[in-house]
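User: Please take a close look at the salt bridges here, with their cut-offs. Then set them beside the nonpolar parts.

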Amino acid sequence: MPNLLGFNIEGPESVLEALGVLAAIIAIHECGHFFAAYFQNIHVSKFAIGFGPILFKVQGKKVEYSLRAIPLGGFVGFPDDDPQSEFAPDDPDLLKNRPILDRLLVISAGVIANLTFAYFILFGQVLTSGLLQQEIFPGAAVPEVLSPSAAAKSGLQSGDLILGVNGAVLPAGEEAVFDLVRIIKANANTPLSLYVSRKNQPLEIKVSPDKSIDGSGKIGVQLAPNARTVKVKAKNLADATVRAGREFRRLFLTVVDGLKQVILNFSQTADRISGPVAIVAVGAEVARTDVAGLSQFAAIVNINLAVVNTLPLPALDGGYAFLILLEALRGGKKLPDKVEQGIMSSGIFLLLAIGIFLMVRDALNLGIGELL
């Protein structure tokens with residue numbers, strides 16, 4: 001979803017709801033790791049939501065539970081390399097001393113927990129309030145027009161539907177928004193003919209995009225796909241199982257396709273990557289407009305977290321799994337501890353750096369009134 005206008009957040013309740021959803025999703029992921037270790041009698045020393053300085057902690061009999069300052073995820077800590085650990089280095093219940101399959105189960109359990117949680121969120125929603133489904137039509141909707149702006153001066157109004165520009169018909173869905181954004185940005189100070197539907201009446205509106213500081217065009221509108229939302233409830237448990245599975249598959253494929261686009265076309269899609277601030281902002285907006293939509297928001301964030309964590313990158317679950325699989329291919333021979341620690345430490349540093357950058361960028365976007 002492109003950031004066209006920044007986010008409209010009204011009321012602390014919606015922000016708290018979104019924060020609660022994000023915290024719950026992180027907790028579910030870490031609980032997957034924690035219980036996969038616990039039920040295998042693997043020693044665990046820490047369970048944390050967030051990174052960095054500790055805001056609050058409780059010391060259990062064996063485990064320290066904490067809430068930390070940087071909301072970029074969480075972690076489950078193991079005493080394997082703790083010099084002050086009470087366990088002997090050859091203790092068979094240290095994670096590092098367990099067989100490969102035991103360790104893979106612990107590493108993959110976070111992803112499994114998020115995917116399972118996402119499915120049951122959708123299952124519960126389709127049984128109760130109903131799944132939100134969209135009927136997509138050609139063109140782009142205009143939820144808001146800023147004033148003063150080029151769009152307001154031209155007579156464009158909130159509620160209008162832009163069906164075409166300069167004789168070209170816009171497609172359906174998000175592609176219509178992306179195409180229109182691209183055309184507007186490429187035509188600063190150049191008149192454009194917008195073909196508009198207002199209350200089912202056709203109009204042609206001429207607008208000349210203002211020139212931004214970076215030279216791109218902007219007209220001062222918020223854009224969204226031209227869609228109508230309907231709620232679909234299941235008739236019975238069997239119907240709920242099928243509908244939840246269908247929606248889970250749709251969301252999963254959407255996330256995978258989005259990640260693929262980011263990887264293959266990073267220079268063009270980097271601005272679509274959101275950090276925790278943007279995620280909370282979007283969640284707050286969803287909660288403000290439709291609490292039922294918060295369930296599907298939670299499901300897609302769960303799936304997103306799960307899919308991203310499967311990437312074989314340092315500090316992600318996929319990175320740890322890759323090292324374990326590499327060990328298996330080497331006939332059970334591990335990489336030297338210093339090499340593994342160096343790889344993971346660099347990954348954690350990079351993850352924090354990217355996360356902080358996204359937080360700052362998204363926080364700045366929250367205060368921007370007009371980007372397009």
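Analyst: The salt bridges come first, then the nonpolar cores and a surface patch. The model is predicted, so local features need pLDDT of at least 70 and side-chain atom pairs count only at pLDDT 80 or more, while totals for chains, interfaces and linings use all residues. Residues are numbered from 1 along each chain as its sequence is written, and side-chain values use heavy atoms, with hydrogens and water left out.

The count comes to 11 salt bridges (a side-chain nitrogen of Lys or Arg within 4 Å of a carboxyl oxygen of Asp or Glu). One of them pairs D160 with R198, with 2.8 Å between the closest N and O atoms. D160 sits in the loop between α3 (150–154) and β4 (161–165) and R198 in strand β6 (residues 192–198), so this pair ties together parts 38 residues apart in sequence. Helices (H or I, at least four residues) and strands (E, at least two) are DSSP runs, numbered from the N terminus. D160 is buried, at 2% relative accessibility (buried is under 20% relative accessible area, exposed over 50%, partly exposed in between; 1.4 Å probe, protein chains only).

Another salt bridge joins K206 to E204, with the closest N and O atoms 3.6 Å apart. Here K206 is exposed at 54%, and E204 is partly exposed at 48%.

In helix α5, E247 and R250 lie three residues apart, about one turn of the helix. Their closest N and O atoms are 2.7 Å apart in a salt bridge. E247 is buried at 3%, whereas R250 is partly exposed at 44%. Elsewhere, K57, E64 and R68 are joined into one network by salt bridges that share partners.

Now the nonpolar parts. The largest nonpolar core holds 36 residues, and L122 and I303 have the most contacts inside it (a core is a set of buried Ala, Val, Leu, Ile, Met, Phe, Trp, Tyr and Cys residues joined through side-chain atoms within 4.5 Å). Two or more residues each come from α1 (12–38), β1, α2 (100–127), α5 (237–264) and α8 (293–309). Setting aside neighbours within four places in sequence, I303 is in contact (heavy atoms within 4.5 Å) with L115, A118, F248, L251, F252 and V255. A second, separate core of 23 residues includes V142, A151, V181 and L192.

On the surface, L55, F56, V58, Y65 and L67 form a nonpolar patch with about 490 Å² of accessible area together. Patch residues have over 30% relative accessible area and no salt bridge; like charges are joined within 9 Å, nonpolar side chains (Val, Leu, Ile, Met, Phe, Trp, Tyr) within 5 Å. Areas come from the Shrake-Rupley method with a 1.4 Å probe, and for residues only the protein chains shown count as cover. β1 gives the most to the patch, with three residues. L67, in strand β2, is partly exposed at 41%.
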